[in-house]
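Here is a short tour of a protein model, written to be read with the sequence and the structure side by side. Take a look at both, and then follow along below.

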Amino acid sequence: MVAQAIMLGLIAGIGILDGRIFGQMMFDRPLVTGLLVGLVLGDVKNGIIIGAQLELIWMGIAGIGASTPPDVVTGGILGTAFAILSNSGVEVALALAVPIAVLAQSLGVLVRIINAYFTHKADSYAKEANYKGLAFCMWIPVGLFFLSTFLPTFLAILLGADKVTGMIEAVPNVILDGLSVAGNLLPAIGFALLLDMLFSKKMAPFFFLGFLAAAYGGLNITAIALIGACIAVILHFYIEQKKESIPSVPDNLTEGEIDFE
């Protein structure tokens with residue numbers, strides 16, 4: 001269990017650094033971390049399934065301005081891990097992942113407050129041309145972000161797995177059924193958050209076209225995505241390029257410029 005706790009802690013620590021020093025590789029997404037958690041715990045199938053469900057919830061979450069979104073890395077990893085360790089379903093993972101992500105959000109805010117000191121310190125080092133001090137102030141925040149997810153994940157897996165398993169087993173079935181219903185509604189919230197950023201008058205017909213295909217045509221997500229890709233190709237190659245190939249006709253029909261000869 002110690003080795004698994006360390007590995008999951010490393011996954012969480014590396015995941016929180018995605019978008020900070022690794023570029024944007026989507027390593028922090030539940031769809032990826034769920035797979036990695038499944039590999040570590042020996043249950044890849046449930047890891048992928050749970051990760052996909054959590055991705056539906058959090059796909060529209062983004063840090064806008066000074067706001068700090070829920071920690072999807074810690075929440076996704078611990079929710080998936082506890083569900084696999086307790087041999088529970090997706091509803092338990094959803095019930096655990098969301099509150100864990102909100103709690104871990106507070107730790108992320110604390111790290112950002114501490115990092116603000118190093119930001120101002122780096123400014124003073126830059127004015128003094130103190131390159132070693134500047135490098136120090138750049139790497140300390142990275143280490144704090146790493147520890148902010150590594151330590152909670154490591155300690156939770158090492159100390160809390162058995163307790164969480166016992167707690168889940170003691171929960172009445174009626175509560176688990178309610179969590180299952182709530183879990184089915186949470187992905188709709190994730191889609192709503194994503195749609196709030198993407199929705200426009202130009203995109204609205206395609207959204208409703210996909211909705212109608214799913215609701216009345218009985219098509220699954222894969223089929224709708226393939227149809228959408230075909231529509232995109234048609235619009236790009238057969239309509240947009242056709243418009244570009246049509247030569248523009250100069251407007252010579254203004255008053256005083258008509259030649260009748």
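## The chain as a whole

A contact here means heavy atoms within 4.5 Å of each other. With that in mind, look at the contacts in the protein chain that have a separation of 6 or more: residues 24 or more positions apart account for 72% of them. Please keep in mind as you read that this is a predicted model.

The protein chain has nine helices and zero strands. Reading from the N terminus, the order of elements is α-α-α-α-α-α-α-α-α. Of the 261 residues in the protein chain, 31% are buried.

## What the UniProt record lists

An unreviewed UniProt entry lists residues 6-23, 35-61, 92-114, 134-159, 179-199 and 206-239 under "transmembrane region". These annotations may be inferred rather than shown by experiment.

Two of these spans can be set against the model. Residues 6-23 are 67% helix and 0% strand, and the C-alpha atoms at the ends of this span are 24 Å apart. For residues 206-239, the helix share is 85% and the strand share 0%, with the end C-alpha atoms 16 Å apart.

## Helix 1 against helix 4

How do helix 1 and helix 4 run relative to each other? Helix 1 covers residues 2-17, and its axis comes within 9 Å of the axis of helix 4, crossing at roughly 155°. Angles over 145 degrees count as roughly antiparallel, so helix 1 and helix 4 are roughly antiparallel to each other. The crossing of the two is right-handed.

On the helix 1 side, the contact is made by L8, I11, A12, G15 and I16, and on the helix 4 side by V73, I77 and A81. Sorted by class, the residues in this contact of helix 1 with helix 4 are seven nonpolar, one polar and no charged.

## A closer look at G15

G15 sits in helix 1 and is one of the residues that meet helix 4. Is G15 buried or exposed? Buried means under 20% relative accessible area, so G15, at 1% relative accessibility, counts as buried.

Leaving aside neighbours within four places in sequence, G15 is in contact with F27, D28 and V73. F27 is twelve residues from G15 in sequence, and their C-alpha atoms are 5.6 Å apart in space. V73 belongs to helix 4, on the other side of the contact with helix 1.

## Helix 3 against helix 4

Helix 4, residues 72-85, also packs with helix 3, residues 44-58. Their axes are 10 Å apart and the angle is about 145°. Helix 3 and helix 4 cross in a right-handed way.

Which residues bring helix 3 and helix 4 together? From helix 3 come N46, G47, I50, L54 and W58, and from helix 4 come V72, G75, G76, T80, A83 and I84. By class, this contact of helix 3 with helix 4 has six nonpolar, five polar and no charged residues.

## Two buried residues of helix 3

I50 is placed in helix 3 and is buried, with a relative accessible area of 3%. Not counting residues up to four places away in sequence, I50 touches T80, A83, I84, V90 and A93. Among these, T80, A83 and I84 are helix 4 residues that meet helix 3. The C-alpha atoms of I50 and G76 are separated by 8.8 Å, with the two residues 26 residues apart along the chain.

E55 is also found in helix 3. E55 is buried, with a relative accessible area of 12%. Not counting residues up to four places away in sequence, E55 touches R29, P30 and L31.

## Two loop residues with positive phi

M26 lies in the loop between helix 1 and helix 2, the latter covering residues 30-41. Phi of M26 is near 60°, a positive value in a residue other than glycine. At 43% relative accessibility, M26 counts as partly exposed.

A129 has its place in the loop between helix 5 (90-127) and helix 6 (131-170). Phi of A129 is near 60°, again a positive value in a residue other than glycine. With 44% relative accessibility, A129 counts as partly exposed.

Terms used: Residues numbered from 1 in each chain as written. Predicted model: local features only at pLDDT ≥ 70, side-chain atom pairs only at ≥ 80, totals over all residues. Heavy atoms only, no water. Axes fitted to C-alpha atoms, helices over the stretch in contact; angles between N-to-C directions. Left-handed = near helix turned anticlockwise from the far one by under 90°. Nonpolar A, V, L, I, M, F, W, Y, C, P; charged D, E, K, R; others polar. Parallel < 35°, antiparallel > 145°, perpendicular 65-115°, else oblique. Buried < 20%, exposed > 50% of the residue type's maximum accessible area, 1.4 Å probe, protein only.
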